[in-house]
Amino acid sequence: MNLPRDIEGVRLLAEKLAREHVAAGGKVVGYVTPCVPAELIEAAGMRSMMLSAGTETSTALGDRVMEDLFDTSVRGIFERLLKGEFEYLSAIVLPRANDSAHRLYYYLCELKRTGEAKLPPVLLCDVVMTPDEASRRYSIDALGRLWEELKAIGRRDAGDAELRAAVVAQNRRAKWAMGPIISRRVGSIPGEEALACFAAVHMLALDRLEAAGPPKGAIVSAGERPSGPRVMICGSAQTDGHLHGIIETASGIVVMDYHSGGELSVMRLSVDEALAPLEAIADRLRKEQAASRRFADVAGETATFARALRVDLAIFSYFPEEEALTWDYPEQKAALEAAGLRVLRLPEQTRPFDVASNRAVVEAFVRGVGK
């Protein structure tokens, strides 16, 4: 794959290309989490880019106004915004479907109102996930309002033709994302590279993805499938490949990242081209698996994936700020154990992943020594 093989490399490349695009007269709109319709941004004549905390670990500026109970990656993005590292953006879009990102929307709006921070327009993707027709209609109308806001910033004359073209392009992104999803099922790419691919889907322009082609970095030779326990990583989104490296050192094979930085961020990208574009986009977003406010049988879904992928082990890694994710853990653990899996929980994790303090327990678990 002619792309960086790690998330940080993808992030640096995406931000470099974004700055170059702006310098050449284009506009870039940043968004937070996969729960935002990049199609609308692209249809309005602007480049979309999912924002990342990168290597930012300081919270000195954000601590003045932000309480502790925030997703650690969202805190990092907030810090970078306050530092002015995204000054080239023409707008920022945040989703209602993710708790921390939704609250960040109100923080940014207030800081912008008071003039305490220099920020571009801050927009809300007000899609609700309640499974009823009234909520669906509300979401379609809300996307219409977001569409008008984006056109006012980008291309005012954009219309149905541009929306339909963006939907087609989104489905091409979804098709590209299937490459790393399928490849890792047989252990043909390492976990860190798979995460980089999923990040690239949301951070890089479609032409860059398609020019790079599917991932080709193999960890096996002659097409042979590696042997070893098949592992699913669950819980908080992994922002680097360090946990994957420990698992692979112990001869484990990570076949799925069941979190908002893994397969859940790309598995529902496809849009129904037969519907009116705003309806189709709303339907996609209301099924977004990376959303923290989705309505789903999470335990049953996790067990279904585990059985389908012949998973042997599940490792749950949690940031302390993401308490809501742990609510589903007892039922997920019970469902996975009933399906014959061993389960390990790693609470109170840090960003970046602390290899030294976790290596022994993870390696022992993968090798069948510990629980």
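A polar contact is taken here as a pair of N or O atoms within 3.5 Å; within protein, one must be able to donate a hydrogen and the other to accept it, and residues adjacent in sequence count only if both atoms are side-chain atoms. The model is predicted, so local features need pLDDT of at least 70 and side-chain atom pairs pLDDT 80 or more, while totals for chains, interfaces and linings use all residues. Residues are numbered from 1 along each chain as its sequence is written, and side-chain values use heavy atoms, without hydrogens and water.

A good place to start is helix 5. Helices and strands are DSSP runs (H or I, at least four residues; E, at least two), numbered from the N terminus. Helix 5 covers residues 133-153. At its N-terminal end, Asp132 acts as a cap, with a side-chain oxygen 3.2 Å from the backbone nitrogen of Ala134. Among the residues of helix 5 that are buried (under 20% relative accessible area, 1.4 Å probe, protein chains only) are Ile140, Leu143, Trp147 and Leu150. The buried residues of helix 5 pack against several elements, including helix 2 (38-43) and helix 10 (277-286).

Helix 2 also holds Glu39, which is buried, with a relative accessible area of 1%. The side chains of Glu39 and Arg284 are joined by a polar contact of 2.8 Å. Beyond its neighbours within four places in sequence, Glu39 is in contact (heavy atoms within 4.5 Å) with Ala166, Gln170, Val271, Ile281 and Arg284.

Methods. The expected span of a helix is 1.5 Å times one less than its number of residues. Buried means under 20% relative accessible area, exposed over 50%, partly exposed in between (1.4 Å probe, protein chains only).
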